[in-house]
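Work through the exercises below with the model open beside the text, and try each task before reading its solution.

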Amino acid sequence: MLPTIAWSKNKVVMIDQRKLPWQEAYVECRNYDQVAEAIKKMVIRGAPAIGVAAAFGVALGILKVKKKQDLRKEFRKIVLRLEKTRPTARNLFWAVEKMRKALRKAENLDLSELKERLVEEALAIEKKDIETNRKIGFFGKKLIRNKDSILTHCNAGELATAGYGTALGIIRAAYEEGKKIQIYVDETRPFLQGARLTCWELSRLRIPFILITDNMAGWLMQKKEISVVITGADRIARNGDTANKIGTYSLAVLANENKIPFYVAAPLSTIDFDFAQGNEIPIEERAAQEVREINGRCFTLPKVKVRNPAFDVTPARFISAIITEKGIARPPYRISLKAISKK
Ligand code: MRU
């Protein structure tokens, strides 16, 4: 299994996703501030993995508290720092909330027991994420037909989660079952999660794939070389509108135009029932240099003006199904997502 993130002797170790596939380097975080920096700089990325990192960050922060009377103040400081890193990833806020509840429940314990409880809670969030992804794979593989040709965008695999992956978990499960499938990987500009990370994962798993640039997808759909699209999600509003990596919306429109099913795979922790629709979801804007440079080398005019929204929102009407760990939700999502979350 890939070591996306691990808790080791009161430290958090992450594979540095900025350096893949060229280099397998690891970053060690000894305090919550280093975890926050790692999330912000995308050492670790992908909504569920960010959630796990945030939980570990809270645990690291609490471990450093010296007096019990400082707990609440310290917790607020830690959370404020972590929540400022990546505003779109719902799982970050979800994981912090889980840690807040664990803290409240443990508040009567003595400080050292309380610290142990919070580490246990973070480790449980990590473990549960892997189980959740396997369940998503179990349900999702039923939607994949033999000889399907599947396009995926960004990276929604082991590296984006605690393990196994969501959209890639489905691909994995279908492949392990013996289905003959062809995978197309979108390169996913500007951060190249597809070209760098998904290709790296698929080649390690020995699942055959073809890399394409983002602007080739429409043509391949028209030529019937793509029969299904599956992506992950960063935040899903209660009506099913889905924020995911920039470029997802274009794929969904193209898939609909070409009558190809467009599936979203995500744990229930990605669904934000506080948001009625997608236009309420905060969309992160990242640094201009990510658009101007590849691997630290500028390939345009150095000061050219750019935009860099990291995510877009796909309206629910373009989504054929949302695959969760509790089953497959179909439109209308306002009803099906609520029902599935109560199972
Ligand atoms: O900017 P990133 O790399 O964190 O964006 C990741 C995505 O958009 C993924 O598709 C999403 O988080 C789901 S990962 C299982």
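The exercises that follow concern pockets, cavities and aromatic rings in a predicted model.

**Exercise 1.** Describe the largest pocket by its volume, its central residues and the elements that line it.

*Solution.* Begin with the volume: about 600 Å³ of space lies in the largest pocket. Next, look at the lining, which is made up of 25 residues, those closest to the centre being Trp94, Lys98, Leu268, Ser269 and Glu325. Then assign the lining to secondary structure, where helix 2 (47-63), helix 4 (90-106), helix 5 (111-140) and strand 11 (271-272) are found to supply at least two residues each. Finally, sort the lining by class, which gives 9 nonpolar, 5 polar and 11 charged residues.

**Exercise 2.** Carry out the analysis for the second largest pocket, and then follow Glu290 from its lining into the surroundings of that residue.

*Solution.* The second largest pocket has a volume of about 470 Å³. Its lining counts 15 residues, and Arg18, Phe191, Glu290, Asn295 and Gly296 are the closest to the centre. Helix 10 (289-292) and strand 12 (293-294) each contribute at least two residues to this lining, which by class comprises 6 nonpolar, 3 polar and 6 charged residues. Turning to Glu290, place the residue in helix 10; its relative accessibility is 16%, so Glu290 counts as buried, the cut-off being under 20%. The side chain of Glu290 also makes a polar contact, at 3.2 Å, with the side chain of Asn308. As a last step, examine Phe191, where Arg196 lies over the face of the ring at 5.0 Å from the ring centre.

**Exercise 3.** How many cavities of 30 Å³ or more does the structure hold, and which residues line them?

*Solution.* There are 2 cavities that reach this volume. The largest cavity has a volume of about 200 Å³, and among its 24 lining residues Gly46, Ala47, Asn155, Asp234 and Asn244 are the closest to the centre. Two elements, helix 2 and strand 9 (242-245), give two or more residues to this lining, and helix 2 gives the most, with 3 residues. The classes of the lining are 12 nonpolar, 8 polar and 4 charged residues.

For the second largest cavity, the volume is about 60 Å³. Its lining includes Phe191, Lys245, Glu290 and Asn308, and by class the lining has 6 nonpolar, 2 polar and 4 charged residues. Of these lining residues, Lys245 can be followed one step further, as Lys245 lies over the face of Phe311, at 4.3 Å from the ring centre.

**Exercise 4.** The structure holds 3 aromatic pairs; classify the geometry of the pair Trp7 and Phe56, and that of the pair Tyr249 and Phe318.

*Solution.* The ring centres of Trp7 and Phe56 are 5.5 Å apart and the planes stand at 45°, so this pair is tilted. Placing the partners in the chain, Trp7 belongs to strand 1 (residues 5-8) and Phe56 to helix 2, 49 residues apart, and the pair thus links distant parts of the chain. Both Trp7 and Phe56 are buried.

For Tyr249 and Phe318 the ring centres lie 6.5 Å apart with the planes at 45°, so this pair is tilted. Tyr249 sits in helix 9 (residues 248-257), while Phe318 sits in the loop between strand 14 (311-314) and strand 15 (321-324), so the pair ties together parts that are 69 residues apart in sequence. To finish, compare accessibility: Tyr249, at 37% relative accessibility, counts as partly exposed, whereas Phe318, with a relative accessible area of 15%, is buried.

How values were computed: Residues are numbered from 1 along each chain as its sequence is written. This is a predicted model: local features need pLDDT of at least 70, side-chain atom pairs count only at pLDDT 80 or more; totals for chains, interfaces and linings use all residues. Side-chain values use heavy atoms; hydrogens and water are left out. On a 1 Å grid over the protein atoms alone, a cavity is a set of points where a 1.4 Å probe fits but cannot get out, and a pocket is an open set with protein on both sides within 12 Å along at least five of seven lines; lining residues have an atom within 4 Å of a point. Grid points are joined across faces, edges and corners, and a volume is the space filled by probe spheres set on the points. Helices (H or I, at least four residues) and strands (E, at least two) are DSSP runs, numbered from the N terminus. Ala, Val, Leu, Ile, Met, Phe, Trp, Tyr, Cys and Pro count as nonpolar, Asp, Glu, Lys and Arg as charged, and the others, Gly among them, as polar. Rings of Phe, Tyr and Trp (its six-membered ring) pair if their centres lie within 6.5 Å; planes under 30 degrees apart count as stacked, over 60 as edge-to-face and the rest as tilted. Buried means under 20% relative accessible area, exposed over 50%, partly exposed in between (1.4 Å probe, protein chains only). A charge sits over a ring if NZ of Lys or CZ of Arg is within 6 Å of the ring centre and within 35 degrees of the ring normal. A polar contact is a pair of N or O atoms within 3.5 Å; within protein, one must be able to donate a hydrogen and the other to accept it, and residues adjacent in sequence count only if both atoms are side-chain atoms.
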